[in-house]
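This report introduces one protein chain to a reader who has not met it before. It moves from the chain as a whole to selected elements and residues.

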Amino acid sequence: MVSSEGLSAPLSLPQVAARQYGVTKPISTAGPTEVDILRTLELEKFLVDAGLYETKEGVAKREEVLRRIEQIVKDWVKQLTRLRGYTDQMVEDANARIFTFGSYRLGVHGPGADIDTLCVGPSYVNREEDFFFVLHNILAEMEEVTELQPVPDAHVPVMKFKFDGISIDLLYASISLLVVPEDLDISDVSLLYNIDEPTVRSLNGCRVADQILKLVPNVEHFCTTLRCLKFWAKRRGVYSNVTGFLGGVNWALLVARVCQLYPNAVPSMLVSRFFRVYTQWRWPNPVMLCPIEEDELGFSVWDPRRYPRDRTHHMPIITPAYPCMNSSYNVSQSTLRVMVEQFCYGNKTCEEVELNRAQWCALFEPYMFFESYKNYLQVDIIAADVDDLRAWKGWVESRLRQLTLMIERDTLGMLQCHPCPHEYVDTNKECAHCAFFMGLQRKQGEKVQGQQFDIRGTVDGFRHSINMYMFWKPGMEIHVSHVRRRQLPPYVYPDGCKRPRQSRVMVQQQADDGEACGSGSSERHLKRKDLDGVEVNQDTPPQKWQSTSPLPHGSVSPVIINHKAGSASPEPSDKGFSMEVVESNKITLSGEMEPGYASNSSTITNVSSKGSCDDAGFGSVAGSCEGNTRSVEGSSVGSNNPGYLLGDVCEADSEALSDSGCVNGNLRKKVNAALGMVGTKFQRGITQNK
């Protein structure tokens, strides 16, 4: 299961020096000390005790399920071949292959995790009819198959189901071959000839997973580190691609890049370096494992010089297989802010672990989402039965990210949203139900002079997009409520009741502990006088927005956010926002910033997506991590040195970097000057390309 073999005998320096992993030289080729090895064993023991590893019986069951699914798709293709009048020899040769990707392919899946699978079939078996209808009907008639849910309109079309209790996400790709060979090489670029983009995206899951395993120095150390950080991301509420955070492949790429930068490090070192690196990474500079390659096939690759849309990406994490794409295009300004805060929290905790002031369990403390904000949006999703709810919830959840983006757009980024990736269920309701929540706060550090944000039209647009669901059924409804923290329903708390408030002394101590890093984690948001600058009038009950089904003609979503600024006051006020009923069906959120409002909560105020690269490399993100005592400085560390971004300016300086973060002052000035020159040239290039 977990072995310590190899920990005491890391790769020797000559072995690593023979090959450079990634697009820049490593930050450090130092191997582990005895203390690092001991910490790694402690970390692995913690992961085992947390139940993150599959049992032998579970592994065997998954392998059996995959064998049965492969036999099903082989029989399905042979059946279609026969029905379409092909010769007996063609029927005999007809074939389909099952490939895995995601956490299962990377070897980091745990109990209960789904298996991402890809079915590759011949050119005459299509996705629209043969896969989503014929194969769907075959699966629907099988006793082993439950919770069957086709999603043909997804960015990557998928069929979700459980087979003998194992969750399966099944994709389909029809390649330009009449017969699919048993020894098909999924990494072969020739498979991409004469296929559409949905098929390319379906194939790329497997191709990316294979490339990641080829581009890391030590697969075992990579897997342990990735397993650890996926668990951390789930505990801290930043693991969800659909809500605008990062999914499995994004975390895998981030971890793989750190493995390249520290090729001889063991997992305990890699976890610590992970937070140190990404706390200081200057987004939107891309994370890449290898150079972006063009090909004669003509598929578009991520290139902010050529495609204006690519310049709007906030946190580019580029896939290593052709065609190279940004795997994290879902990230918004608000979710990036949350993730950087959590990186700072992780960095601070790892420093405490390295100083023997904390244990590994401290890193995985859950994020107290419902104690971090004063105002929330509550999205209740209701359906007639469990099957309808599954389909309806999937549609609404896929649109929640759009609500975040629309609020950011319509308030010019002044109202920040923090979507919670977890769903909550009220078991007391008679109908099938689940709910999602979104924390709201005004942008920290900005003084707004009497500016009003009316998001009624924003919510109307969101409701309109929800109403476009093609498979709507009676009973499918969505209600959006504005609730304050003290009015949150009891089912959002683990034991069904609200956590008791901590004393002001304990809260102040926790806030002081987080001050150095500027983290916005829950440990710093427990004061009664909250740092959000948002408060709701206690005398006003929560108001329900109208359901989208049925939607009365001409109805208006009644939400107005109003900000005002005043003169100075010694401490944050508890009156940040107040909610008042303006009309019978309208809710107004009006806010007034008390004099001298000084927020202790740090946010990113300078993240931009203009395509400029004068910020390339590492540097502290403004206001986010001022207390980090161990920094990674220099230009070659964070730039990835893509040719079109920085040229070769920084590569020669990477040897001057030390793992402790010390760098000669003159060298730093030269590097910064070089970065400024390159950034200016890159900006001119973008202007010319426009």
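Helices and strands are taken here as DSSP runs, at least four residues long for helices and at least two for strands, and they are numbered from the N terminus. With that usage, P284 lies in the loop between α10 and α11, the latter covering residues 333–354. The model described here is a predicted one.

**The chain as a whole**

The chain contains 16 helices and 14 strands. It has 690 residues, of which 56% count as buried. Among contacts with a separation of 6 or more, 75% are between residues 24 or more positions apart. The chain exposes about 29,500 Å², and 51% of this area is supplied by carbon and sulfur atoms.

**An open sheet of five strands**

One open sheet has five strands in the order β1-β2-β5-β4-β3, and its pairing is mixed. Strands β1 (97–101) and β3 (145–151) stand at the edges with a single partner strand each, so one side of each has no neighbour in the sheet. On average, neighbouring strands of this sheet are turned by 25° against each other, direction ignored.

At one of these edges, β1 is joined to strand β2 (residues 115–121) by five bridges, and the two run antiparallel. Within the sheet, F101 stands opposite D116 in β2. In a regular strand, side chains alternate between the two faces of the sheet.

**Strands β6 and β10, and residue R442**

Another antiparallel pairing links strand β6 (residues 375–383) with β10 over eight bridges. Here V379 has V480 in β10 as its bridge partner. Strand β10 (residues 477–484) is mostly covered, with seven of its eight residues buried.

R442 belongs to strand β8, which covers residues 432–442. Is R442 buried or exposed? Its relative accessible area is 5%, and R442 is therefore buried, since the term applies under 20%. R442 and M414 are 28 residues apart in sequence, yet their C-alpha atoms are 5.7 Å apart in space.

**Helices α6, α8 and α10**

V134 is part of helix α6 (residues 127–140). Its relative accessibility is 26%, so V134 counts as partly exposed. Leaving aside neighbours within four places in sequence, V134 is in contact with W76, L80 and E129. The first residue named there, W76, is 58 residues from V134 along the chain, and the C-alpha atoms of the two are separated by 8.3 Å.

T225 has its place in helix α8 (residues 219–235). At 1% relative accessibility, T225 counts as buried. Its side chain reaches the backbone oxygen of H221 at 2.8 Å. In an α-helix there are 3.6 residues a turn, so residues three or four places apart point the same way. Beyond neighbours within four places in sequence, T225 is in contact with V255, P267, L270 and V271.

Helix α10 covers residues 267–280. What span should its 14 residues have at 1.5 Å a residue? The expected value is 20 Å, and the end C-alpha atoms are 20 Å apart, which agrees. How many residues of α10 are buried? The count is 14 of the 14, so this helix is largely enclosed by the rest of the structure.

**Backbone features in the loops**

Most residues other than glycine have a negative phi, and most peptide bonds are trans. The following table lists departures from these two patterns.

| Site | Feature | Angle |
|---|---|---|
| W283 and P284 | cis peptide bond | omega about 15° |
| Y322 and P323 | cis peptide bond | omega about -5° |
| N356 | positive phi | phi near 60° |
| L412 | positive phi | phi about 55° |

Like P284, which lies in the loop between α10 and α11, P323 is found in the loop between α10 and α11. N356 lies in the loop between α11 and β6. With a relative accessibility of 64%, N356 counts as exposed. L412 is placed in the loop between α12 (386–410) and β7 (415–419). L412 is exposed as well, at a relative accessible area of 67%.

How values were computed:
Residues are numbered from 1 along each chain as its sequence is written. This is a predicted model: local features need pLDDT of at least 70, side-chain atom pairs count only at pLDDT 80 or more; totals for chains, interfaces and linings use all residues. Side-chain values use heavy atoms; hydrogens and water are left out. Buried means under 20% relative accessible area, exposed over 50%, partly exposed in between (1.4 Å probe, protein chains only). Contact means heavy atoms within 4.5 Å. Accessible areas come from the Shrake-Rupley method with a 1.4 Å probe; for residues, only the protein chains shown count as cover. The expected span of a helix is 1.5 Å times one less than its number of residues. Two strands pair if DSSP finds at least two bridges between them. Axes are lines fitted to C-alpha atoms, for helices over the stretch in contact, and angles run from 0 to 180 degrees between N-to-C directions. A polar contact is a pair of N or O atoms within 3.5 Å; within protein, one must be able to donate a hydrogen and the other to accept it, and residues adjacent in sequence count only if both atoms are side-chain atoms.
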